[in-house]
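Here are a few short exercises to work through with the model open beside you. Try each task before reading its solution.

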Amino acid sequence: MNPSEPNQIQTAKPVDELISSLCATVPDYPKPGISFKDLTPVFADGAALKAVVNALLEPFEGQFDAVAGVEARGFLLAAAAAYATGTGVITVRKAGKLPRDVVSEDYALEYGTATLELHKTDLAPGSRVLILDDVLATGGTLGAAARLFERCGIQVAGVGVVLELDELGGRAALTGHNVRSLLRL
């Protein structure tokens with residue numbers, strides 16, 4: 001049997017079913033009572049990764065000049081999307097990881113706050129960016145990323161995620177932005 005055949009069969013599925021079939025659920029991680037949705041098996045499957053990236057890009061075709069990934073899994077999606085569209089890739093990092101002049105944005109976590117940073121000059125004001133990440137949960141991280149770009153005069157063309165956890169209400173943190181979720185739970 002050709003090793004690529006399983007991937008060819010999987011891509012015949014709608015993208016949400018493909019994600020559901022490959023996503024691993026890890027009980028009690030990172031703490032008891034949490035069921036962690038691990039998308040790394042989706043990213044490890046070449047055909048699935050291609051289908052996911054294509055599905056994230058489709059509604060935003062022609063509407064962005066660069067793709068931004070939010071640390072860390074968003075980097076995987078953004079790099080693949082930028083390559084596929086011939087655009088640049090921008091990294092939104094945790095505080096202290098970028099070497100040049102940055103703009104910073106604090107956001108709320110369940111127990112405290114965190115900070116994201118963006119190089120001030122990676123995109124010119126007036127540019128359009130598509131922000132990608134793996135999961136939309138409470139919306140704190142993606143909301144902070146969108147605010148960083150807006151503070152730099154960059155238009156957020158949209159936000160794309162593989163998985164959205166509806167019960168956590170993260171979409172509310174992205175009001176006014178076009179949000180594309182491939183699978184909502």
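**Exercise 1: Two cysteines**

Task: Decide whether C152 is buried or exposed, and do likewise for C23.

Solution: In this predicted model, C152 has a relative accessible area of 16%. The cut-off for buried is under 20%, so C152 counts as buried. Next, take C23: its relative accessible area is 18%, so C23 is buried too. Finally, look for disulfides: a search of the whole structure turns up zero.

**Exercise 2: A helix and its cap**

Task: Work out how the span of α4 compares with the expected value, then find which residue caps its N-terminal end.

Solution: Start with the limits: α4 covers residues 46–57, twelve residues. From first C-alpha to last it reaches 17 Å, close to the 16 Å expected at 1.5 Å a residue. Now step to the N-terminal end, where D45 is the cap. A side-chain oxygen of D45 lies 3.2 Å from the backbone nitrogen of A47. A47 is also one of the buried residues of α4, a list including V52, V53, L56 and L57.

**Exercise 3: The largest pocket**

Task: Describe the largest pocket: what is its volume, and which residues are closest to its centre?

Solution: First, the space inside is about 1300 Å³. Of the 37 lining residues, F36, V135, A137, T138 and L165 are the closest to the centre. Then sort the lining by class: 20 nonpolar, six polar and eleven charged residues. Last, trace the elements: β2, β5, β6, β7 and α6 each contribute at least two lining residues.

Methods
Residues are numbered from 1 along each chain as its sequence is written. This is a predicted model: local features need pLDDT of at least 70, side-chain atom pairs count only at pLDDT 80 or more; totals for chains, interfaces and linings use all residues. Side-chain values use heavy atoms; hydrogens and water are left out. Helices (H or I, at least four residues) and strands (E, at least two) are DSSP runs, numbered from the N terminus. The expected span of a helix is 1.5 Å times one less than its number of residues. Buried means under 20% relative accessible area, exposed over 50%, partly exposed in between (1.4 Å probe, protein chains only). A polar contact is a pair of N or O atoms within 3.5 Å; within protein, one must be able to donate a hydrogen and the other to accept it, and residues adjacent in sequence count only if both atoms are side-chain atoms. On a 1 Å grid over the protein atoms alone, a cavity is a set of points where a 1.4 Å probe fits but cannot get out, and a pocket is an open set with protein on both sides within 12 Å along at least five of seven lines; lining residues have an atom within 4 Å of a point. Grid points are joined across faces, edges and corners, and a volume is the space filled by probe spheres set on the points. Ala, Val, Leu, Ile, Met, Phe, Trp, Tyr, Cys and Pro count as nonpolar, Asp, Glu, Lys and Arg as charged, and the others, Gly among them, as polar. A disulfide is a pair of cysteine sulfur atoms within 2.5 Å.
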